[in-house]
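Hi there,

Here is the structure I promised to pass on. Have a look at it first, and my notes follow below.

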Amino acid sequence: MNGVCVQWKGRINLEKLDGIGCLEFDEERAMIEHQILQEQIERYNNRIKDHQDKSRVYRHQERVNGPEMDVNKRFNNF
């Protein structure tokens with residue numbers, strides 16, 4: 001009930017702070033929010049997949065070149 005997918009409908013007497021009302025589900029807004037959530041999840045999944053792919057390539061290169069190659073590169077750069 002954070003106001004995103006429901007609307008309050010009713011009347012309030014501002015002098016007495018008294019009134020009556022109800023919350024109504026806003027289906028149109030809920031569909032929009034659901035679409036936004038699905039797009040955000042898809043972006044997160046793509047970022048995770050990209051990270052996993054880069055990690056996989058790095059591990060493969062490390063296996064092919066071996067750890068001593070990485071050490072040699074470090075010493076040769078000085």
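Let me begin with the helical part, and please keep in mind that this is a predicted model. Residues 27-61 are 100% helix and 0% strand, with the C-alpha atoms at the two ends 51 Å apart. An unreviewed UniProt entry annotates residues 27-61 as "coiled-coil region".

Now to the strands. E1 covers residues 6-13, and E2 covers residues 18-25. The two pair in the antiparallel sense, with eight bridges between E1 and E2. Together E1 and E2 make a hairpin with four residues between them. In that turn, Leu17 has a positive phi of about 50°.

Leu17 also turns up on the surface: along with Trp8, Ile12, Leu14 and Leu23, Leu17 makes a nonpolar patch of about 590 Å². Of these, Ile12 sits in strand E1.

One residue I followed more closely is Glu24, which lies in E2. Which residue stands opposite Glu24? That is Gln7. Gln7 is also one of the residues that Glu24 touches, and Cys5, Val6 and Lys9 are the others, leaving aside residues up to four places away in sequence. Lys9 is 15 residues from Glu24 in sequence, yet their C-alpha atoms are 7.3 Å apart in space.

Is Glu24 buried or exposed? Its relative accessibility is 34%. Buried would need under 20% and exposed over 50%, so Glu24 counts as partly exposed.

Happy to go through any of this with you at the screen.

Best wishes

How values were computed
Residues numbered from 1 in each chain as written. Predicted model: local features only at pLDDT ≥ 70, side-chain atom pairs only at ≥ 80, totals over all residues. Heavy atoms only, no water. Buried < 20%, exposed > 50% of the residue type's maximum accessible area, 1.4 Å probe, protein only. Contact = heavy atoms within 4.5 Å. UniProt positions renumbered as here; feature names shortened; annotations may be inferred. Patch = residues over 30% accessible without salt bridge, like charges linked within 9 Å, V, L, I, M, F, W, Y side chains within 5 Å. Areas by Shrake-Rupley, 256 points an atom, 1.4 Å probe, with all protein chains shown as cover. Salt bridge = Lys/Arg side-chain N within 4 Å of Asp/Glu carboxyl O. Pairing = 2+ DSSP bridges.
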